[in-house]
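Trainee: I would like to learn how to read a folded chain feature by feature, with the general idea first and the particular case after it. Please choose a helix as the starting point.

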Amino acid sequence: MHTTTNDTKLLFRQTYDYIITRIERGELKAHDKLPSIRLLAQELRVHRLTVFRAYQLLKQNDKVYVKEKSGYYVNPDFTEHVISEYTDRSPITSSGHLKNSLSEIQQVPVIYQFSQSLIDPNLLPNLYLSEYVKKVFDIYPKLMGTYSSVQGDEELREFLCQYMKRHHSIQLTVSDLLITTGGQQAIDLISRVYIRPMDFILVERPTYSAALDIFRQQGARFIPVDISPEGYDLEKVEMLMKQHRPRIFYMNPTFHNPTGYTVPPDQRKQLVELAERYRCLLIEDDAIHEMYFDQPPPQPIFSYDTDGWVVYLRSFSKYVAPGLRICAVIGRPSVIKPLITAKSLADNGTPLVNQKIFLHYFESERIRQHLEKLRIALQIRKEIVEEELSTTGWSWVSPKGGFNLWLKLPEAIPVEELLKESVRHSVSFVPGMICDPLREMQSWIRLSYSFVNEGQLRDGVRLLADIARRF
């Protein structure tokens, strides 16, 4: 198997983490023998040298010890340390190392919030929504007294079937849909159901950083696929599918997060053909389909799927009422059924009140008008940022929709230092490195223009450019 230096680095670290996780979970106990290098290499489909390097690092860090001509064994000192973590502290520590790099940045309180890929609340028709809340409680007076079905409110699913038929000519039944509490929950459920530790998965480079953190938590091995303004190199995608037989390909092909690129229609059809040929499930994350500036984007990849190789995540509430957290997971019943079980274990169903409010709000004529105004407002904000950055020497491809600019800074500017200094001046953005499965995109940043008002946007971007000049 041909691997690059980056692949090898990632693989030996992931093999190391795989063994550590098994020890922490108690699957390997004190003095237990580790699998032989040959067996583990076969099991994980990696080179023996990769396993050898991981085992050597485990030995170096006193996680295991070696018996001459016998093999590697779990160091009891390490398992005692693991056990003491559970017994010595109060009340209990977590069983894993959870991380969400994006959330950590977004939680920092700043005035110029360019890390939130969300709509400015002042652009939403809030008074109109409050009228609809009253209307919904008049129609369903007992609404707060019951749960939704796990799969989602049937009235909402029926409406979304009609919506998909009207807008995309896609024929669906209510059994093809699962309603989740936002798109991120959908990604989490899919990762739990369809990814096992050390599974290969294809991910765009760059991609949505929270998805990478979710997949890492499941122990996935990333195979990066570069995305450009022209889409993907499909010959390379086929080669990677053939070589690695990935379980899934997580993609965000419409107003891509973070780059804003959109994959062209001819590639969408070919991707479905590749998925069928190599038995790879395509996860199409489509969070902001309606947020185009001039022309609507191409039809979803899902519209070309006939045999159940695409799971379509369509978020709706982000540009209507983000607090409602409504996402439709759409796929063939064979794919949706295990996700319903996972959903029942997670929260037993998205709140019914949110679903009913969204249903009656989203089907109103007022929403169509709101979306048209919102597109214009976002395009104006994008143009303000581009105008303010025009003298910086930074480069970018102007997106045709969405919430973000993906900016390439001069290599002389250290992005991590820039972020620290910017936060001190109450400006935040997303460093490109956390969007990169290889963690190497040191000179890129994602700047969201959708969350702050026009005046703040102008002031904040000027301030960021001034701070960058000091470097």
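Mentor: Begin with Glu235 and Lys242, which are exposed on one side of α10, the side other than that of its buried residues; here exposed means over 50% relative accessible area, buried under 20%, and partly exposed in between, with a 1.4 Å probe and protein chains only. What you see is a predicted model, in which local features need pLDDT of at least 70 and side-chain atom pairs pLDDT 80 or more, while totals for chains, interfaces and linings use all residues. Residues are numbered from 1 along each chain as its sequence is written, and side-chain values use heavy atoms, without hydrogens and water.

Trainee: Which residues of α10 are buried?

Mentor: Leu234, Val237, Leu240, Met241 and His244 are the buried residues of α10, a helix that runs over residues 234–244. Helices (H or I, at least four residues) and strands (E, at least two) are DSSP runs, numbered from the N terminus. Viewed down the axis of α10, the buried residues fall within an arc of 115°, so they line one face of the helix; the arc is that of the directions from the helix axis to the C-beta atoms.

Trainee: What do the buried residues of α10 pack against?

Mentor: Their partners are the strands β5 (200–205), β6 (221–226), β7 (248–251) and β8 (281–286), together with helix α11 (265–278), where contact means heavy atoms within 4.5 Å.

Trainee: How should I read the two ends of α10, and which residue caps its N-terminal end?

Mentor: For a cap, look for a polar contact, a pair of N or O atoms within 3.5 Å, in which, within protein, one must be able to donate a hydrogen and the other to accept it, residues adjacent in sequence counting only if both atoms are side-chain atoms. Asp233 caps the N-terminal end of α10, with a side-chain oxygen 3.2 Å from the backbone nitrogen of Glu235. After α10 comes Arg245, whose phi is positive, near 50°.

Trainee: Where else do unusual backbone values appear, and which peptide bonds are cis?

Mentor: Most residues other than glycine have a negative phi, and most peptide bonds are trans. Arg45, which is not a glycine, has a positive phi of about 55°; Arg45 lies in the loop between α2 (37–44) and α3 (48–60) and, at 43% relative accessibility, counts as partly exposed. Phe255 also has a positive phi, near 50°, but Phe255 is buried, with a relative accessible area of 4%. The loop between β7 and α11 holds Phe255 and also Pro258, which is joined to Asn257 by a cis peptide bond with omega near 20°. Another cis bond joins Arg205 and Pro206, with omega about 0°, and Pro206 is placed in the loop between β5 and α9 (209–217).

Trainee: How many aromatic pairs does the structure hold?

Mentor: Rings of Phe, Tyr and Trp (its six-membered ring) pair if their centres lie within 6.5 Å, and planes under 30 degrees apart count as stacked, over 60 as edge-to-face and the rest as tilted. The structure holds 16 such pairs, among them the tilted pair of Phe316 and Phe358, at 6.1 Å centre to centre with 50° between the planes. This pair links distant parts of the chain, 42 residues apart, since Phe316 is in the loop between β9 (310–315) and β10 (326–330) and Phe358 is in helix α13 (residues 352–362). Both Phe316 and Phe358 are buried, and they belong to one aromatic cluster with Phe159, Tyr163 and Phe362.

Trainee: Where do charged groups sit over rings?

Mentor: The test asks for NZ of Lys or CZ of Arg within 6 Å of the ring centre and within 35 degrees of the ring normal. The charged end of Arg53 sits over the ring of Phe12, 4.0 Å from its centre, and Lys67 lies over the face of Tyr73, at 4.4 Å from the ring centre.

Trainee: What can be said of the chain as a whole, and how many helices and strands has it?

Mentor: The chain has 16 helices and 14 strands. Its radius of gyration is 24 Å, close to the 23 Å that the globule rule gives for 471 residues, so the chain is as compact as a globular protein of that length; the radius is taken over C-alpha atoms, and the rule is 2.2 Å times the number of residues to the power 0.38. Of the 471 residues, 55% count as buried. Among contacts with a separation of 6 or more, 74% come from residues 24 or more positions apart.
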